[in-house]
Amino acid sequence: MKIALVTGSNRGIGREVCRQLLQLGWTVVGTSRNGQTDLDHPSFHVIQGDVSNDASVMAMRHQFPFDHLDLLINNAGIIGSGHGVSGSTMDEITEIMNTNALGPLRMARAFEDVLVRSAQPRVVNVSSGMGVFDELSTGYFAYRWSKNQLNALTLRMHAEHFAKACVVSVCPGWVKTDMGGASAPRSVDQGGRSVVLAAVADHIQSGKFYRDGNEIPW
Ligand SMILES: NC(=O)c1ccc[n+]([C@@H]2O[C@H](COP(=O)([O-])OP(=O)(O)OC[C@H]3O[C@@H](n4cnc5c(N)ncnc54)[C@H](OP(=O)(O)O)[C@@H]3O)[C@@H](O)[C@H]2O)c1
């Protein structure tokens, strides 16, 4: 049985990634802050928790119903108000870093013991082209910085052979979700597919950044 854990599975890209993995025959555990989800499938389980909080992440580890984990998808994220270095409040910067960069670190550390029990563990950090070095200069300072730091986490986990896992970053593209907004060119299906390719495709290499299954620069 191939088991995946997807954070932020109650809506948007996370929900779609769960749906596509279930279609591929995976057993999927989704996380939701309010413990609710409208996904109804015999191989889908939901656990309640907040990735920005240490105790809540440990509580999710205790709710996890399996003895091994093949795939951790750190999808949960927030974008914030979009201000620059001087316009953003420290509270907002802290919340965004805590969710988007420290959240995936917390999840990986909390679930390391079950990842190492997989024959081929993989960790997929859902990042963004907005965190690429060449794209840092305008707007959304805290979001861009948090995704840039998430990419650094991917590289460090790869270098450390964390949990002997394949560790990658992935960009879903600009997607029509609550975060992406109605003007986004990509459907949730397309965005989810980019993440699922990074999660399951055979050609994916640890320590790389992907969009639509193709390597992209940091
Ligand atoms: N949409 C895009 O165009 C786009 C582009 C590039 C990258 N991304 C990335 O893709 C990922 C998913 O984005 P999306 O567009 O699907 O966003 P979304 O529709 O706003 O959904 C975000 C999900 O993350 C969850 N979440 C937020 N903070 C959390 C926390 N502290 N603990 C646990 N769950 C939390 C939300 O749960 P609640 O319902 O409880 O708030 C929700 O399930 C994010 O990492 C985002 O940065 C998105």
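Strand β5 (residues 122-126) and strand β6 (residues 166-170) run parallel and are joined by five bridges. Within this pair, V124 stands opposite V168 in β6. The structure is a predicted model, in which local features need pLDDT of at least 70 and side-chain atom pairs count only at pLDDT 80 or more, while totals for chains, interfaces and linings use all residues. Residues are numbered from 1 along each chain as its sequence is written.

**The sheet**

Strands of a sheet pair through backbone hydrogen bonds, either parallel or antiparallel. Here, eight strands form an open sheet of mixed pairing, in the order β3-β2-β1-β4-β5-β6-β7-β8. Because β3 (44-48) and β8 (214-215) stand at the edges with a single partner strand each, one side of each is left without a neighbour in the sheet. Two strands count as paired if DSSP finds at least two bridges between them. Strands (E, at least two residues) and helices (H or I, at least four) are DSSP runs numbered from the N terminus.

**Helices across the sheet**

Two helices that lie across strands are set out below. Axes are lines fitted to C-alpha atoms, for helices over the stretch in contact, and angles run from 0 to 180 degrees between N-to-C directions.

| Helix | Strands crossed | Angle |
|---|---|---|
| α4 (residues 102-110) | β4 (71-74) and β5 | about 160 degrees to β4 |
| α7 (residues 188-200) | β4, β5, β6 and β7 (209-211) | about 155 degrees to β5 |

In α4, the residues G103, P104, R106, M107, A108 and A110 are buried, a term for residues with 20 or more other C-beta atoms, placed from the backbone, within 10 Å of their own (exposed: 12 or fewer; partly exposed: in between). The cover over these buried residues includes α2 (54-63), β4, α3 (90-100), α5 (112-115), β5 and α6.

Helix α7 contains L197, which is partly exposed because 19 other C-beta atoms lie within 10 Å. Leaving aside neighbours within four places in sequence, L197 is in contact (C-beta atoms, placed from the backbone, within 7 Å) with D212 and G213.

**The ligand**

There are 27 residues around the ligand, of which G8, G12, G77, T177 and G180 come nearest; a residue is near if its C-beta atom, placed from the backbone, lies within 6 Å. Helix α1 (residues 12-23) supplies the largest share of this shell, three residues.

Technical notes:
Two residues are in contact if their C-beta atoms, placed from the backbone, lie within 7 Å.
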